[in-house]
Amino acid sequence: MTPVGMTSFDDVYALPDPRGYFTALRPYEYQTPGHARPVFRALAAELGPGRRTVLDVCCSYGINAALLNHDVTLDELFAHYTSARAAELTTAELADLDRDFYAVRRRPAAVRTIGIDVSRPALDYAVAVGLLDEGHCVDLEHTEPEKRLRGSLAGTGLITVTGGTSFLTERTFTRLFTAIGHPVPVAAFVLRTHDYGAISSCLVSYGLTVERAATTQPQRRFTDPREQERAVATVTAFGEDPAGKESAGYFHTRLHLAR
């Protein structure tokens, strides 16, 4: 469900491949996974033996995994999936192309990646082309992790999120930590229009320290003036200054790193 005050892009997550996702978001200059890439790579490089699994929550088509484990940029992914060549292919043909596309770009430092999302088609595609080692279709806000997921999470050393915090509460993280058996670092890019306080308090209760970055990064352009007006009002109510950020036409995100 899309947060109140934001334009819904829910339909692009239920498609059989990522072309609709990239086509819909390109006009609005969606950027967050690109900003997250160097952060997630640096944190993944710190993972020790037995903890070299990254869990991406609300992973959709495995975009974060693509950027984490492959020599490719977000701009290149937009170009790839909105190209004339891609438009001519069936989903099966695109998947064949993508298996090779990502295989030749696989980084030597690649880590095991697990994705959680409520979209089965997005997960299936990400697994089929090799972006995710495993994909689990589950809503941890409302259900406990099943046995297969609990077993898969044992080696998790890092949890990443680039947009899902707007849909999540502390319930998801409590269930994840219980399944993993201990708290692990959480790197989340949080919209300034979202109150991360309850999740942050939950992470602190598990002994983690939450570092809130001083700087922010643009997430995407607003779709219309009403969306911008609501965002400006919300961040102002949170005590943030929208000047040069939401007032300039973009949602902004801030990294919250718990470790």
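What volume does the largest cavity have? We will start there and then work through the pocket, the cores and the aromatic rings of this predicted model.

## A cavity inside

The largest cavity has a volume of about 40 Å³. A search of the whole structure finds one cavity of 30 Å³ or more. To find the place on the structure above, look for the residues that line the cavity: Phe40, Val54, Asp56, Asn64, Ala65, Leu68, Thr113 and Thr160.

Sorted by character, the lining of this cavity has four nonpolar residues, three polar and one charged. Both S1 and H3 supply at least two residues of the lining, and H3 gives the most, with three residues.

## The largest pocket

Now turn to the largest pocket, which has a volume of about 920 Å³. Its lining is made up of 40 residues, and those nearest the centre are Tyr13, Cys58, Gly163, Gly164 and Phe167. Several elements give two or more residues to this lining: H1, strand S1 (53-57), H3, strand S2 (112-117), helix H9 (170-180) and strand S7 (217-221).

What kinds of residues line the largest pocket? The lining divides into 21 nonpolar, 12 polar and seven charged residues.

## Two nonpolar cores

In soluble globular proteins, nonpolar side chains tend to be buried together. Here, the largest nonpolar core has 30 residues, and Tyr21, Phe22, Ile63, Leu77 and Tyr102 have the most contacts inside it. Helices H1 (19-25), H3 (63-69), H4 (74-81), H6 (91-103) and H7 (120-128) each supply at least two residues of this core. Of these, H6 gives the most, with five residues.

Phe22 is a good residue to pick out on the structure. Leaving aside neighbours within four places in sequence, Phe22 is in contact with Ile63, Leu74, Leu77, Phe78, Tyr81 and Thr82. Apart from the largest core lies another, of 25 residues, including Ile116, Phe177, Ala179 and Val186.

## Aromatic rings

A search of the whole structure finds 11 aromatic pairs. One of them joins Tyr21 and Phe22 in an edge-to-face arrangement, with 5.0 Å centre to centre and 75° between the planes. Why does Tyr21 count as buried? Tyr21 is buried because its relative accessible area is 3%, and the cut-off for buried is under 20%. Phe22 also counts as buried, at 0% relative accessibility.

Tyr21 forms an edge-to-face pair with Tyr61 too, at 5.9 Å centre to centre and 65° between the planes. This pair links distant parts of the chain: Tyr21 sits in helix H1, while Tyr61 is in the loop between S1 and H3, 40 residues apart. Both Tyr21 and Tyr61 are buried. To see the wider group, highlight Tyr13, Tyr21, Phe22, Tyr30, Tyr61, Phe78 and Tyr81, which form one aromatic cluster.

## Ala24 in helix H1

Let us finish with Ala24, which is found in helix H1. Is Ala24 buried or partly exposed? Ala24 counts as partly exposed because its relative accessibility is 22%, and buried would need a value under 20%.

Which residues does Ala24 touch, not counting residues up to four places away in sequence? Ala24 touches Phe9 and Val12. The C-alpha atoms of Ala24 and Asp11 are separated by 9.8 Å, and these two residues are 13 residues apart along the chain.

Methods
Residues numbered from 1 in each chain as written. Predicted model: local features only at pLDDT ≥ 70, side-chain atom pairs only at ≥ 80, totals over all residues. Heavy atoms only, no water. Core = buried A, V, L, I, M, F, W, Y, C linked by side-chain atoms within 4.5 Å. Buried < 20%, exposed > 50% of the residue type's maximum accessible area, 1.4 Å probe, protein only. Helix = DSSP H or I, 4+ residues; strand = E, 2+ residues; numbered from the N terminus. Contact = heavy atoms within 4.5 Å. 1 Å grid on protein atoms, 1.4 Å probe; cavity = no way out; pocket = protein on both sides within 12 Å on 5 of 7 lines; lining within 4 Å. Points joined across faces, edges and corners; volume = space filled by probe spheres on them. Nonpolar A, V, L, I, M, F, W, Y, C, P; charged D, E, K, R; others polar. Phe/Tyr/Trp six-rings, centres within 6.5 Å; stacked < 30°, edge-to-face > 60°.
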